[in-house]
Each structure stands twice: as C-alpha cells, then as structure tokens.
Amino acid sequence: MKRIRDIFEEMIAFDTLFAAYLKLKKKGNKRHRRRIIKFEENLYWNLWCLHFRLKNGTWKMHHYKHMFRMECGKMREIYYSSNFGDLIVQCAIGMTLGARLNHSLIEDTYAGIPGKSLHKGVRRIFRKVREFGDKPIFCYKIDFKQFYSSIDHDKLKEALIHKVKDKRAVALIFNIIDNCPIKVGLPIGNLISPILANFFLNPVDRLAKDMKMCFYRYNDDIVAFCDSKDKIHEFQNALHALSVELKVNIKKNEQVFPIERFGIDLMGFIVQRKRVLVRRRIERHVRRNAMRFKLHPTAHRARSLSSQWGWFKRVKSGKAFWFRNVGCSIKNFNNLVKSLCVPQTTVTQTTTTVLPAT
C-alpha cells in the first residue's frame, strides 16, 4: 500500500486556503452567506491568520451547531461548525489529503467523489450484468445501521496513521475528530466526514475485490453479485467477520436473491438484465411535484421539477414518463421555467406638470 507523505505544507498553504475560500463561495450556500460577507471584510488578513494558526498548531475547531433535517424519509441529526474559517480548513483538507485518499479507493466506490456520478456507476453495473448473458446472477444487498454515527474513532485513527505518514497532517485530522460533539461517529455536517467515511470502509472494498466479487458501493449501501450462490454466502460470512472488527453493525434486512426477483437497487436506479429503471419512490415524487405544478405553477416549483429531469434523461423510457406526467417535452418545459423566472418589471406612469408662462 502506497502511503501519503509530506502533505501538511500543501494543506495549509495560503494558495490552498484561498482556493478553498473561492470554492465555498462559489457554492453559494444561503446558510453561510452572512459569514462569508463578514469573513471578506478583512479577507487576506483572516486567511493569513488561519495559515499561521495551522502552522503553529494553535488552530482548533469552533463551536458546533445542531439541527434536524428530514431527508428521503429519514430524520437526520446534523452538526455543523458556526465558523467560516473552520469550513475553509476542512475544504482545504478535502482538496489535498482528501483527493489522495479518494485516489486510493477502488473504482466502483461512489459517494462524494469528483468524477464519479450516479449515472457512471449505474452504467458500469448494467454493463457488468450484460456480460453474464443467460448465466444465473445472485445478488447480495446490505446496509450498515446508522453508519456515520457508529464509526469508531480509534479504528479510524489507526487506519489514518497507517495510511498517512505525516505527523502534523494526522494531528490536524485528529483535532477535528476529537472536537466533535459526539464521542462515537462522525458529524454529517462536516465537509470531511464523507471522505473519512469512504476511507473507513476501504477494507470492505478490498475484501470484495480479493474474493473477485462484482462489488459496488455508494456510501454505506453495498451491492455484490456473482453467478454462484455459495460464493455469495462465503462473502457474506467474511463481511460479517470484518464488520465485527470495524465495530459497525449490519442491518437485519440484508438479502441474497436472484436478479430476476428485485433487480439491483442502488443509487436511485433498478438495474435488470436488459433495462434500467428509476426507483419507484422517485417516480412517485416526480408525479406529485408535476401535479402540484399544474395546479399552481410557480417559479420555485418549476425549478424543483426541472432539476429532477436528471433521473430520467439517461433511462430508455425517461422521455415518455416525463411527457406523460408533465405534459410537454423537457425543452419546452425549460423555456417555461425561463419565462416564469424572469422578474416582472413594474411600469410607473410619469406625469408632467405644465407651468404657466410668466
């Protein structure tokens, strides 16, 4: 395994911090807008102070804020830093150390990794399924129970020490991990949490590749398949043993089934032998949004519905589904969105007063 060396100076360099600031500003998150404006009042001074605090080892994470958010039918507990400088540091770590950690992952890992989209992952799964032809395909689908909140800090630190041979860089990561408000797990709101979570499950990926399984992972959702049911059960037993070693729990709804029964359900799509479908829950959501838009067309609802076209544009029956529920093609719908989003200008009438001649 190739280890990462001499990365700390690149992480805390002024150019890296400035690039991280530009990246965060470009995202345009409304929650951080006021903090960005306050940080920009003395931009270069704040960046240089951040650089010297990191270099001297006096930088620490600030206070976390806490909130709950409903996502995909699940209530998520989110912790995020209230300081914009902390976000810049985490973004700089992700641009340098995070990029190298992502490079060490296998090719079929998809979650928050640049250049690895959902569509790319689904295409690779479909091509692999087509290679089997008429052979039987047995699938193994699992998920980890409360994955982010169950990551053991000691196991994560041990893996980082083994991979990163730079004491100051490791100390900076440990500073962020130890200042989390939760003693076990990683906060979902941290920018480097997805990077560390992907790296934490890298032994699972290596196990699947060593056993020559067709293996695909999106965050903690895992699908593995092959043409032998005995091989699937062998991988299942090995994965259970590895989960005990990593101190993570596998959900009880794990399944082993032939592909003809359910298809491969991953990343919002269902891959079958000869076609790819969009998950039914997403179809219901789009139908509901289309009905609401038809009843009361607004710019916000139009933009929300237009953003969901990405689920259907690469599916064979996607255009027909969109036309059947929305009532027009995506090209005509985008023109409608533009017309609704144009700000209406108010025309004011001007009155002229004629003064009497003197």
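A residue counts as buried when its relative accessible area is under 20%, as exposed when that area is over 50%, and as partly exposed in between. With this scale in hand, the predicted model can be toured through its charged contacts, its rings, its surface patches and two unusual backbone angles.

The salt bridges make a good starting point, and a search of the whole structure finds 13 of them. In one, the side chains of D178 and K157 meet with N and O 2.6 Å apart. This pair links distant parts of the chain, since D178 sits in helix α8 (residues 167–178) and K157 in helix α7 (residues 153–163), 21 residues apart. D178 has a relative accessibility of 43% and therefore counts as partly exposed, whereas K157, at 17%, is buried. Elsewhere, E107, D108, R124 and K209 are joined into one network by salt bridges that share partners.

Two further bridges involve helices earlier in the numbering. E10 pairs with R100, their closest N and O atoms being 3.3 Å apart. Because E10 belongs to helix α1 (residues 8–12) and R100 to helix α5 (residues 84–103), this bridge ties together parts that are 90 residues apart in sequence. Both ends are partly exposed, with E10 at 36% and R100 at 35%. K25 and E40 also form a salt bridge, at 3.0 Å from N to O. Here the link runs between K25 in helix α2 and E40 in helix α3 (residues 33–40), 15 residues apart. K25 is partly exposed at 42% relative accessibility, and E40 is partly exposed at 28%.

Aromatic rings offer another set of contacts, with 19 pairs found across the whole structure. The rings of F14 and F18 are stacked, because their planes lie at 15° with the centres 6.4 Å apart. Both residues lie in helix α2 (residues 14–27), four residues apart, which is about one turn of the helix. F14 is buried at 16% relative accessibility, while F18, at 23%, is partly exposed. A second pair, F269 with W311, is tilted, with 5.5 Å from centre to centre and 50° between the planes. It connects distant parts of the chain: F269 is in strand β10 (residues 269–271) and W311 in the loop between α14 (299–307) and α15 (318–326), 42 residues apart. F269 is buried, at 2% relative accessibility, and W311 is partly exposed at 25%.

The rings also form a wider group, as ring pairs link F14, F18, Y21, Y44, W48 and F52 into a cluster. Y44, W48 and F52 make a nonpolar surface patch of about 340 Å² as well. Of these, W48 is placed in helix α4 (residues 43–56) and is partly exposed, with 38% relative accessibility.

Charge gathers on the surface too, where K74, R280, R281, R284, R288, R292 and R301 form a positive patch. Helix α13 (residues 280–295) contributes the most to it, with five residues. K74 comes from strand β3 (residues 74–81) and is partly exposed at 38% relative accessibility.

Finally, two loop residues stand out by their backbone angles. K212 has a positive phi of about 60° although it is not a glycine, and N219, also not a glycine, has a positive phi near 60°. K212 is in the loop between α10 (202–210) and β6 (214–218), and N219 in the loop between β6 and β7 (221–226). K212 is exposed at 68% relative accessibility, whereas N219 is buried at 18%.

Technical notes: Residues numbered from 1 in each chain as written. Predicted model: local features only at pLDDT ≥ 70, side-chain atom pairs only at ≥ 80, totals over all residues. Heavy atoms only, no water. Patch = residues over 30% accessible without salt bridge, like charges linked within 9 Å, V, L, I, M, F, W, Y side chains within 5 Å. Areas by Shrake-Rupley, 256 points an atom, 1.4 Å probe, with all protein chains shown as cover. Salt bridge = Lys/Arg side-chain N within 4 Å of Asp/Glu carboxyl O. Lys, Arg positive; Asp, Glu negative; His and termini not counted. Charge placed at Lys NZ, Arg CZ, Asp CG, Glu CD. Buried < 20%, exposed > 50% of the residue type's maximum accessible area, 1.4 Å probe, protein only. Phe/Tyr/Trp six-rings, centres within 6.5 Å; stacked < 30°, edge-to-face > 60°.
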